[in-house]
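Please describe this protein in plain terms for someone new to reading structures. Cover single residues as well as the overall make-up.

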Amino acid sequence: MAFDPDYAKVAALLPMNGAAGSTTFTDVKGNVWTPAGGAQISTAHSFFGVGVGVFDGDARVSTPDSAALRMATGDFTIEFLVRFTAVGVNHVIVNKGVDTGNFAYQVWVNTSNQFGFRGVVVGGY
């Protein structure tokens, strides 16, 4: 990605490309993502490439913990494109968990359609 001077610092990059109905979420940076709850690729809409990830209800993808995905002392950026099929409801977009019931950071949209971010120090991070 020659156009991004910070590409070497990218920890995860999921372009959401693939065949319609696929449950393979390829990460350009090599992380292994496991789908659950019906997460899949759709080719009905696209922004980059030929597909998008579809996450209805409790659908999600997860990857094992990695130091690269933790907020540390330096700069940290989370980027995503999202298209909602419903507004006025809570949507968790990113949830970096550390163990059951705890999270390190979270991005969400609330019932007033406002984005939120919160990060906490849990478990010595």
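In this predicted model, F117 has a relative accessibility of 46% and counts as partly exposed, because partly exposed covers the range between under 20%, which is buried, and over 50%, which is exposed. F117 is part of strand β7, which spans residues 115-119. Which residues does F117 touch, leaving aside its neighbours within four places in sequence? They are M71, I78, Y105, Q106, V107 and W108. For V107, which is 10 residues away from F117 along the chain, the C-alpha atoms of the two are 4.6 Å apart.

The loop between β6 (102-109) and β7 holds N113. N113 is partly exposed, at 43% relative accessibility. Its phi is positive, about 65°, although N113 is not a glycine. Most residues other than glycine have a negative phi.

A positive phi of about 65° is also given for M16, again not a glycine. M16 sits in the segment before β1. Not counting residues up to four places away in sequence, M16 touches F25, I41, G51, V52, G53 and F55. M16 also belongs to the largest nonpolar core, a set of 6 residues completed by F25, W33, A39, I41 and A59. In soluble globular proteins, nonpolar side chains tend to be buried together.

S22 is another residue in the segment before β1 (34-36). Is S22 buried or exposed? S22 has a relative accessible area of 19%, so it is buried, the cut-off being under 20%. A polar atom of the S22 side chain lies 3.1 Å from the backbone nitrogen of T24. Beyond its neighbours within four places in sequence, S22 is in contact with Q40 and I41.

Nonpolar residues also appear on the surface. F47, F48 and L81 form a nonpolar patch there, and together they have about 390 Å² of accessible area. F48 is exposed because its relative accessible area is 56%, and over 50% counts as exposed. F48 is located in the loop between β2 (40-42) and β3 (52-54).

Next come the charged pairs. Side chains of opposite charge can pair when their charged atoms come close. How many salt bridges are there? The count comes to 3, and they are listed below.

| Acidic residue | Basic residue | Closest N to O distance |
|---|---|---|
| D6 | K9 | 3.5 Å |
| D58 | R60 | 3.0 Å |
| D65 | K96 | 2.7 Å |

The salt bridge of D65 and K96 links distant parts of the chain, with D65 in the loop between β4 (60-62) and β5 (91-99) and K96 in strand β5, 31 residues apart. D65 is partly exposed at 41% relative accessible area, whereas K96 is buried at 8%. In the pair of D6 and K9, D6 is partly exposed at 40% and K9 is exposed at 68%. In the pair of D58 and R60, D58 is exposed at 57% and R60 is partly exposed at 39%.

Finally, the protein as a whole. Its secondary structure consists of 0 helices and 7 strands, and from the N terminus the elements run β-β-β-β-β-β-β. Of the 125 residues, 16% are buried. The accessible surface comes to about 8,500 Å², with 54% of that area belonging to carbon and sulfur atoms. Among contacts between residues at least 6 apart in sequence, 32% join residues at least 24 apart.

Terms used
Residues are numbered from 1 along each chain as its sequence is written. This is a predicted model: local features need pLDDT of at least 70, side-chain atom pairs count only at pLDDT 80 or more; totals for chains, interfaces and linings use all residues. Side-chain values use heavy atoms; hydrogens and water are left out. Patches are made of residues with over 30% relative accessible area and no salt bridge: like charges are joined within 9 Å, nonpolar side chains (Val, Leu, Ile, Met, Phe, Trp, Tyr) within 5 Å. Accessible areas come from the Shrake-Rupley method with a 1.4 Å probe; for residues, only the protein chains shown count as cover. A salt bridge is a side-chain nitrogen of Lys or Arg within 4 Å of a carboxyl oxygen of Asp or Glu. Helices (H or I, at least four residues) and strands (E, at least two) are DSSP runs, numbered from the N terminus. Buried means under 20% relative accessible area, exposed over 50%, partly exposed in between (1.4 Å probe, protein chains only). Contact means heavy atoms within 4.5 Å. A polar contact is a pair of N or O atoms within 3.5 Å; within protein, one must be able to donate a hydrogen and the other to accept it, and residues adjacent in sequence count only if both atoms are side-chain atoms. A nonpolar core is a set of buried Ala, Val, Leu, Ile, Met, Phe, Trp, Tyr and Cys residues joined through side-chain atoms within 4.5 Å.
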